[in-house]
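The following report introduces a protein structure to a reader who has not met it before. Please consult the sequence and the model as displayed here.

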Amino acid sequence: MEIKEIYCSNCKKKLGTYNEKYFSDARLNEIIVHNHAKCIREGHDVIILRP
Ligand SMILES: [Zn+2]
C-alpha cells in the first residue's frame with residue numbers, strides 16, 4: 001500500500017498516515033487545515049511526506 005504521512009517539522013511529530021489511493025494532496029491539505037490548525041496558527045511547517 002502506498003502511503004503518505006502528514007508531518008510537522010517543528011513538533012518533529014507524525015500527525016497522520018493516509019492511503020495515497022484515497023487521499024489526494026488537496027484532501028490532505030484540507031485535513032491539515034482542519035485537524036492541525038494549532039500547528040498552522042503557530043506557523044509550524046506541516047508537510048506531506050511519501051516515506
Ligand atoms: Zn506543530
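## Contacts along the chain

In this protein, 44% of the contacts with a separation of 6 or more join residues that are 24 or more positions apart. The model discussed here is a predicted one.

## Overall dimensions and burial

For a chain of 51 residues, a compact globule would be expected to have a radius of gyration near 10 Å; the protein has 10 Å, and so agrees with that expectation. Along the principal axes, the C-alpha atoms of the protein fill a box of roughly 30 × 20 × 10 Å.

As for burial, 2% of the 51 residues count as buried. A residue is placed in that class if 20 or more other C-beta atoms lie within 10 Å of its own.

## Secondary structure

The protein contains two helices and three strands. Their succession along the sequence is β-β-α-α-β. In this pattern, two strands precede the two helices, and a strand follows them.

## The sheet and the helix packed on it

The three strands are arranged as an open sheet in the order β2-β1-β3, with antiparallel pairing. Its edge strands are β2 and β3 (46-49), each of which pairs on one side only. From one strand to the next, the twist averages 20°. Helix α1, formed by residues 25-35, packs on this sheet and touches β1, β2 and β3. The direction of α1 makes about 35° with that of β1.

Strands of a sheet pair through backbone hydrogen bonds, in either a parallel or an antiparallel sense. Between β1 and β3, the pairing is antiparallel and extends over four bridges. Leu-49, in β3, is the bridge partner of Glu-5.

## The loop residue Lys-12

Which loop holds Lys-12? Lys-12 lies in the loop that connects β1 (3-8) with β2 (13-19). Its backbone merits attention: Lys-12 is not a glycine, yet has a positive phi of about 50°. Most residues other than glycine have a negative phi.

Is Lys-12 buried or exposed? Lys-12 is exposed, because 7 other C-beta atoms lie within 10 Å, and a residue counts as exposed if that number is 12 or fewer. Lys-12 can also be located relative to Ser-24: the two are 12 residues apart in sequence, and their C-alpha atoms are 23 Å apart in space.

Note on methods: Residues are numbered from 1 along each chain as its sequence is written. This is a predicted model: local features need pLDDT of at least 70, side-chain atom pairs count only at pLDDT 80 or more; totals for chains, interfaces and linings use all residues. The radius of gyration is taken over C-alpha atoms; the globule rule is 2.2 Å times the number of residues to the power 0.38. Two residues are in contact if their C-beta atoms, placed from the backbone, lie within 7 Å. Two strands pair if DSSP finds at least two bridges between them. Axes are lines fitted to C-alpha atoms, for helices over the stretch in contact, and angles run from 0 to 180 degrees between N-to-C directions.
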